[in-house]
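Welcome! Open the structure in your viewer, switch to a cartoon display, and follow the stops below.

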Amino acid sequence: MSTELMDTLRERLAALEPRRLEIIDESHLHAGHAGSQGGARHFRVIISSAQFAGLAPVARHRLVYDRVQDLMPRPIHALAIVASAA
């Protein structure tokens, strides 16, 4: 499931034309956490895109969340985002 979900994230975020895109499954760090019950996953996304140029961090995060909002809170419970224009 994690690999399929990571592929889905990669496909969704491709619309941002990332120069760099790294998706890390951090679910194992949250084992036993209420949000991980039922198989919900925790991911870290490191993304760099020219589309983020001139945007505040919150606006960059919104662009990412807009593409995955239907996946939250299930099957994705948490999404940590590191977004840059460089």
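One idea will help on this tour: a crossover is called right-handed if, with the strands pointing away from the viewer, the path from the first strand over the helix to the second runs clockwise. Keep in mind that this is a predicted model.

Start with the sheet. Select its three strands and you will see an open sheet in the order 1-2-3, with mixed pairing. The edge strands are strand 1 (20-25) and strand 3 (76-84), and each of them pairs on one side only. From one strand to the next, the twist averages 15 degrees.

Next, select residues 41-48, which form strand 2, together with strand 3: the two pair in the parallel sense over eight bridges. Where should you look along this pairing? Show arginine 41, which stands opposite isoleucine 76 in strand 3. Then show histidine 42, whose opposite residue in strand 3 is alanine 78.

Now add helix 2 by selecting residues 57-68. Helix 2 packs on the sheet, where it touches strand 2 and strand 3, and its direction makes about 140 degrees with that of strand 3. Here the opening idea comes into play: strand 2, helix 2 and strand 3 make a right-handed β-α-β unit. Turn the view until the strands point away from you, and trace the clockwise path.

For the last stop, select residues 2-13, which are helix 1. This helix lies across strand 1, strand 2 and strand 3, and runs at about 35 degrees to strand 2.

Terms used. Residues are numbered from 1 along each chain as its sequence is written. This is a predicted model: local features need pLDDT of at least 70, side-chain atom pairs count only at pLDDT 80 or more; totals for chains, interfaces and linings use all residues. Side-chain values use heavy atoms; hydrogens and water are left out. Two strands pair if DSSP finds at least two bridges between them. Helices (H or I, at least four residues) and strands (E, at least two) are DSSP runs, numbered from the N terminus. Axes are lines fitted to C-alpha atoms, for helices over the stretch in contact, and angles run from 0 to 180 degrees between N-to-C directions. Contact means heavy atoms within 4.5 Å.
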